Amino acid sequence: MKKYAPRKVFILENGEYVELTYEEFESRKANDPTYEDRYFIPVQGFLMEVSKEHYKDFYRAKEREAYLKKLNAKYGLLSIDAFDNEDDNGTDYIQAETEDVAETVTHLLTLDKLRLVIPMLSEIEQELIQALFFKGLTEREYAKECGVSQVAIHKRKNRILAKLKIFLEN
């Protein structure tokens, strides 16, 4: 198997890039041990010296690309770019998120009503609502805190939500 030989190599000397042939680069590399601590990435048939951070970023991106290709082969994923053609752009197929003012107003009014009816719940019911909807705990996490099963919390939550619905409708 033939070793990769770029057309040119660009190295940093005194903050500027210097162009070398690959043979000159190999010669310098063989005679100068500091080349072992330098980082190079391939760019359009050339080798270019870069910082350690750029080197890591470059190969991290290559690994990510290989991983995505592997996922694509396994699951047959479709890129949004696949929808690009002469007439359309793939992003045109994504539904724009437009704000429905009437829906927003209705949502805010419901929240205001909800603030009024939550105090009508018992303290234990309020704690459950607080934990699940405001603190973001899962039913399982809250059940563990309370020392009961997740199913029990789920049933309580559904009863409380039904109760709140009745309060809100009246």
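Which strand do 3 bridges join to β1, and do the two run parallel or antiparallel? The strand is β4, residues 46-50, and the two run parallel. This report describes that pairing and its surroundings in a predicted model.

## Overall layout

The protein chain holds 6 helices and 4 strands. Read from the N terminus, the order of elements is β-β-α-β-β-α-α-α-α-α. The chain has 170 residues, of which 17% count as buried. Taking contacts between residues at least 6 apart in sequence, 39% join residues at least 24 apart.

## Strand β1 and its partners

Strand β1 covers residues 8-13 and is joined by 6 bridges to strand β2, residues 16-21. These two strands run antiparallel, with K8 standing opposite T21 of β2. On the β4 side, V9 has L47 as its bridge partner.

Together β1 and β2 make a hairpin, with 2 residues between the strands. N14 is in the loop between β1 and β2. Its phi is positive, about 55°, although N14 is not a glycine. Most residues other than glycine have a negative phi. N14 is exposed, with a relative accessible area of 83%.

A second residue of this kind is Q44, which is not a glycine and has a positive phi of about 50°. Q44 is found in the loop between β3 and β4. Its relative accessibility is 69%, so Q44 counts as exposed.

## A buried glutamate in β4

E49 lies in strand β4. Is E49 buried or exposed? With a relative accessibility of 8%, E49 counts as buried, because the cut-off for buried is under 20%.

The side chain of E49 reaches the backbone nitrogen of L12 at 2.7 Å. Leaving aside residues up to four places away in sequence, E49 touches F10, I11, L12, Y17, R38, Y39 and F40.

## Aromatic pairs

How many aromatic pairs does a search of the whole structure find? The search finds 7. A pair of aromatic rings is described by the distance of the centres and the angle of the planes. F10 and F46 form an edge-to-face pair, 5.6 Å centre to centre and with 75° between the planes. F10 belongs to strand β1 and F46 to strand β4, so this pair ties together parts that are 36 residues apart in sequence. F46 is partly exposed, at a relative accessible area of 27%.

Y39 and Y55 form a tilted pair, with 5.0 Å centre to centre and 50° between the planes. Here the link runs between distant parts of the chain, from Y39 in strand β3 (residues 39-43) to Y55 in helix α2 (residues 52-75), 16 residues apart. Both rings belong to partly exposed residues: the relative accessible area is 26% for Y39 and 29% for Y55. Elsewhere, ring pairs link Y22, F25, Y35 and F40 into a cluster.

## Charges over rings

Two arginines have their charged ends over aromatic rings. The charged end of R7 sits over the ring of F46, at 4.9 Å from the ring centre. The charged end of R38 is placed over the ring of Y35, 4.4 Å from its centre. F46 thus appears both under R7 and in the pair with F10, while Y35 appears under R38 and in the ring cluster.

## Nonpolar cores

Which residues make up the largest nonpolar core? This core has 12 residues: V117, I118, L121, L128, I129, A131, L132, Y142, A143, I153, I160 and L164. Helices α4 (123-134), α5 (139-146) and α6 (150-169) each supply at least two of its residues. The most come from α4, which gives 4 residues.

One member of this core is I129. Not counting residues up to four places away in sequence, I129 touches I118, L121, F134, I160, L161 and L164. Apart from this core lies another, of 8 residues, among them V9, I11, L20 and L47. V9 and L47 are also the bridge partners that were named for β1 and β4.

Key: Residues numbered from 1 in each chain as written. Predicted model: local features only at pLDDT ≥ 70, side-chain atom pairs only at ≥ 80, totals over all residues. Heavy atoms only, no water. Pairing = 2+ DSSP bridges. Core = buried A, V, L, I, M, F, W, Y, C linked by side-chain atoms within 4.5 Å. Buried < 20%, exposed > 50% of the residue type's maximum accessible area, 1.4 Å probe, protein only. Contact = heavy atoms within 4.5 Å. Phe/Tyr/Trp six-rings, centres within 6.5 Å; stacked < 30°, edge-to-face > 60°. Lys NZ or Arg CZ within 6 Å of the ring centre and 35° of its normal. Polar contact = N/O pair within 3.5 Å; in protein donor to acceptor, adjacent residues only side chain to side chain.
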